[in-house]
There are 2 protein chains.
Amino acid sequence: MNTSTALRTDRYELTMLEAAITHGTADTPCMFEAFGRRLPGARRYGVVAGIGRLLERIRDFRFGDAELAWLSGNEVVNSATLDWLADYRFSGDIWGYAEGEAYFPESPILIVESSFGEGVLLETLILSILNYDSAVAAAATRMVTAAADRPLAEMGSRRTHEDSAVAAARAAYIAGFSATSNLEAGRTWGIPTMGTAAHSFTLLHESEEEAFRAQIAASGPETTLLVDTYDIARGVETAIRVAGTELGAIRLDSGDLPTLVVDVRRQLDKLGAHDTKITVTSDLDEYAIATLRPAPVDSYGVGTSLVTGSGSPAAGLVYKLVARQRGNGEWVSVAKASTGKASIGGRKYATRVRDENGVARQEKVYIGLGPEDADALPSTERPLLQPLMTAGDIDDRHVGVAGTRRAREHHAMVRSELPAGAFRLGRGDPALPTTFDE
Amino acid sequence: MNTSTALRTDRYELTMLEAAITHGTADTPCMFEAFGRRLPGARRYGVVAGIGRLLERIRDFRFGDAELAWLSGNEVVNSATLDWLADYRFSGDIWGYAEGEAYFPESPILIVESSFGEGVLLETLILSILNYDSAVAAAATRMVTAAADRPLAEMGSRRTHEDSAVAAARAAYIAGFSATSNLEAGRTWGIPTMGTAAHSFTLLHESEEEAFRAQIAASGPETTLLVDTYDIARGVETAIRVAGTELGAIRLDSGDLPTLVVDVRRQLDKLGAHDTKITVTSDLDEYAIATLRPAPVDSYGVGTSLVTGSGSPAAGLVYKLVARQRGNGEWVSVAKASTGKASIGGRKYATRVRDENGVARQEKVYIGLGPEDADALPSTERPLLQPLMTAGDIDDRHVGVAGTRRAREHHAMVRSELPAGAFRLGRGDPALPTTFDE
């Protein structure tokens with residue numbers, strides 16, 4: 001594993017840089033913007049995630065000797081470009097939506113103000129991180145809705161790349177999950193970790209009873225016993241016989257959950273284990289969780305559907321040049337006109353317009369405005385863009401464990417402000433219209 | 001980024017280890033197996049990918065001081081378990097399907113023979129890598145089929161986590177893609193890299209013509225010009241006027257490709273640019289590629305659908321304990337009986353049965369047989385399990401750049417042996433039945 005992130009980049013970023021250096025335009029002041037043309041999966045709102053990770057990885061985006069030697073040896077770019085890359089350190093400004101913020105079609109999620117060369121190089125890294133993390137967060141926030149107030153644990157590490165697993169745990173936590181099974185996510189991002197045993201532990205022993213006894217000897221009766229290796233009713237009976245009625249929880253990982261959970265609750269109560277909780281983990285997505293709302297489930301563990309964005313594994317965000325400065329200092333808005341993929345040129349600022357009850361009603365995008373104009377906006381409009389990097393320096397509030405916790409709190413606030421229609425699970429229009437002010 | 005992979009693990013692996021140490025069963029000789037109960041997306045065959053990556057990451061699966069301190073500080077496991085982890089280095093045997101091999105429901109893709117403790121710890125890492133890489137390879141091999149003999153380039157880095165992007169490029173290359181846009185995949189795995197310019201480069205300039213001139217000045221007329229920023233017919237005209245008829249290729253990234261490509265080919269020919277190729281890159285998946293088969297396309301670039309497994313972003317492989325040794329040396333087959341998730345216990349060996357024409361007809365799984373019995377099998381059966389690690393030592397043929405190239409060659413051989421029905425793109429039954437011999 002190489003710690004520099006500089007080659008986690010599409011080759012054409014470097015080819016464009018080389019052509020711009022050759023042509024003398026690499027230093028042209030530019031504005032790039034990351035946005036989505038539509039919300040993934042016809043959902044009601046998107047969730048910005050990955051900002052804290054992105055800022056840390058931009059810091060690692062440096063071309064060291066190893067990277068330069070490889071680019072040179074493979075004749076990817078010419079020597080003038082290699083010299084430029086050797087000195088590269090992003091020195092521009094980045095404005096963006098706070099991590100955990102909701103977004104809508106055409107929301108200017110990230111605005112990069114820098115030279116063409118400095119900004120074009122970051123395209124792939126920015127999109128990789130925002131597209132994956134936001135896809136997971138968009139799925140996770142719906143699961144939080146479906147679960148009502150019951151806690152959710154992220155357990156999908158085995159269903160995605162070993163490093164995206166860590167990012168997925170983080171995105172889910174930001175969106176409101178309570179814990180993760182992934183230890184690295186615990187270490188790196190301070191997320192509570194959880195987990196007790198798999199079927200293999202039961203199968204290691206001569207009987208389920210022996211396995212339960214071994215687990216309780218190590219973890220105490222407050223642990224969670226997995227009861228569906230053989231026969232569930234017998235598993236529950238054995239669990240309470242071995243652990244007593246102070247058993248923390250039982251876990252169900254198979255079967256027809258809506259009826260099964262009712263049966264198991266009844267059995268536990270009959271055995272006197274009124275405080276023993278039931279956690280379920282079998283191929284859940286937001287719809288299965290919603291179906292379980294009337295059932296006596298205490299918590300959920302979600303795997304595959306969460307880490308793969310529940311049907312929308314990439315958020316579909318794009319990164320476009322929206323403005324550039326001419327030699328005379330004049331800024332020009334630019335946009336492509338490709339069929340079905342047109343973009344809106346110009347510098348942007350965005351606010352969330354709220355009604356007299358504080359309920360969000362509009363996503364307002366100002367074209368041609370910048371953050372310096374924000375003070376003049378009405379107080380009913382919550383400004384959405386904030387400085388993430390200034391002259392190449394990262395705003396530390398967004399990174400690390402503290403930034404992750406902050407993003408989680410921000411997302412909870414954002415949810416509290418959205419209209420009720422935002423929490424419908426069915427496909428449909430965005431919960432807020434995006435309006436433009438030119 | 002931490003280079004140890006040891007915490008890229010579900011917490012319950014460590015909890016189970018602790019319970020097994022406490023109970024005195026951690027050293028029990030065991031066999032674990034990775035397999036899929038069904039093929040993702042009702043496809044005709046699966047593709048094993050990730051083996052070379054996995055072996056390298058198992059090598060990095062060590063608990064160093066930083067990992068142990070975190071586990072201790074967070075009271076994840078007790079001190080006896082910490083001592084055990086400090087000495088951990090996988091010392092067992094791993095047998096598996098060659099990377100690039102096809103697989104079917106219940107194929108024993110990976111068999112881990114070790115103590116319970118050593119084998120249980122690797123569950124999450126094994127599944128993360130095999131599930132993601134195999135999902136991408138399964139999508140990629142179908143795109144290769146759809147493209148007939150035209151080359152495919154992987155361009156999806158921006159649509160998946162920045163590290164899974166590198167793995168996706170590798171999996172696609174193994175399945176038959178020719179190149180990738182991802183530079184890190186070029187460096188780490190020796191995959192040819194490609195890419196020229198995005199719309200932002202055109203928009204940086206006052207006119208499309210100026211942008212094309214700048215690109216050709218840097219890259220020569222053999223480059224690929226992106227012609228759909230404004231108007232395609234005008235873009236093509238400008239491209240040939242600027243580059244001459246020796247222009248390498250034009251790229252189309254939008255529009256109704258089946259008709260558009262025909263129009264553009266006609267226009268190029270009319271301009272005398274008979275050798276200028278057409279490459280298309282607009283939201284392609286295997287179905288869109290198949291639709292373009294009659295069109296005069298020369299090559300394809302595929303992004304989102306490839307790196308997200310084209311509708312099946314995780315291969316659905318699981319890792320189960322299938323046998324354990326009793327204190328008296330006797331091996332016991334074990335299996336869980338959970339509804340809809342039952343597994344088949346016992347040691348396994350597998351072959352691909354071929355008919356007299358060398359066409360694969362059956363996936364044969366021998367239960368209770370081991371590799372030492374392989375010599376006695378009929379010569380029409382191609383053995384599928386090979387040693388990947390022996391007593392903790394990696395078989396170096398599978399890793400690095402050479403291992404990746406070897407996997408690509410193996411996949412081409414495997415494809416040549418599959419029956420014609422394997423290459424149907426529609427949903428359906430596996431191309432080969434899995435038969436069991438007990």
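Across which strands of chain B does helix α15 (residues 400-417) lie? In this predicted model, helix α15 of chain B lies across β14, β15 (360-367) and β16 of the same chain, and the helix runs at about 160° to β16(B). The three strands belong to an open sheet of four strands in chain B, whose order is β16-β14-β15-β19 and whose pairing is mixed. The edges of this sheet are formed by β16 (381-383) and β19 (434-437) of chain B, each of which pairs on one side only. From one strand to the next, the twist averages 30°. Within the sheet, strand β14 (residues 348-354) of chain B is joined to β16(B) by three bridges, and the two strands run antiparallel; in β16(B), the residue that stands opposite B:T351 is B:P383.

A second open sheet in chain B is formed by six strands in the order β7-β6-β11-β10-β9-β8, and here the pairing is parallel. Strands β7 (179-180) and β8 (224-226) of chain B stand at the edges with a single partner strand each, so one side of each is left without a neighbour in the sheet. Two bridges link β6(B) and β7(B), which pair in the parallel sense, and B:E154 stands opposite B:T180 of β7(B). This sheet, too, is accompanied by a helix: α12 (residues 257-270) of chain B lies across β9 (249-252) and β10 (277-280) of chain B, and runs at about 160° to β10(B).

Elsewhere in chain B, strand β13 (residues 331-333) contains B:S333. When its neighbours within four places in sequence are left aside, B:S333 is in contact with B:V322, B:A323, B:G345 and B:G346. Between B:S333 and B:L321, which are 12 residues apart in sequence, the C-alpha to C-alpha separation is 8.8 Å.

Packing between helices was examined next. In chain B, helix α6 (residues 123-146) and helix α7 (residues 164-174) pack at an angle of about 45°, and their axes are 8 Å apart; α6(B) and α7(B) are therefore oblique to each other, and their crossing is right-handed. On the side of α6(B), the contact involves B:Y132, B:D133, B:V136, B:A137 and B:A140, which meet B:S164, B:A167, B:A168, B:R170, B:A171 and B:A172 in α7(B). Sorted by class, the contact of α6(B) with α7(B) has eight nonpolar, one polar and two charged residues.

In chain A, the axes of helix α1 (residues 11-23) and helix α4 (residues 79-86) come within 9 Å and cross at roughly 110°, and α1(A) and α4(A) are therefore roughly perpendicular to each other. The residues of α1(A) that make this contact are A:L14, A:L17, A:E18 and A:I21, while α4(A) contributes A:A80, A:T81, A:W84 and A:L85. Of the residues in the contact of α1(A) with α4(A), six are nonpolar, one is polar and one is charged.

Helix α1(A) also packs against a helix of the other chain, namely α10 (residues 208-219) of chain B, at an angle of about 100° and with the axes 8 Å apart. The helices α1(A) and α10(B) are therefore roughly perpendicular to each other. From α1(A), the contact is made by A:T15, A:E18, A:A19, A:T22 and A:H23, and from α10(B) by B:E210, B:A214, B:Q215, B:A218 and B:S219. The residues of the contact of α1(A) with α10(B) divide into three nonpolar, five polar and two charged.

Charged side chains were considered last. Side chains of opposite charge can pair when their charged atoms come close. Over all chains, a search of the whole structure finds 68 salt bridges. One pair whose side chains meet in a salt bridge is A:E123 and B:R158, with a distance of 3.0 Å from N to O. Because A:E123 lies in helix α6 (residues 123-146) of chain A, whereas B:R158 lies in the loop between β6 (152-154) and α7 of chain B, the pair joins two chains.

How values were computed:
Residues numbered from 1 in each chain as written. Chains lettered and ligands numbered in written order. Predicted model: local features only at pLDDT ≥ 70, side-chain atom pairs only at ≥ 80, totals over all residues. Heavy atoms only, no water. Pairing = 2+ DSSP bridges. Axes fitted to C-alpha atoms, helices over the stretch in contact; angles between N-to-C directions. Contact = heavy atoms within 4.5 Å. Parallel < 35°, antiparallel > 145°, perpendicular 65-115°, else oblique. Left-handed = near helix turned anticlockwise from the far one by under 90°. Nonpolar A, V, L, I, M, F, W, Y, C, P; charged D, E, K, R; others polar. Salt bridge = Lys/Arg side-chain N within 4 Å of Asp/Glu carboxyl O.
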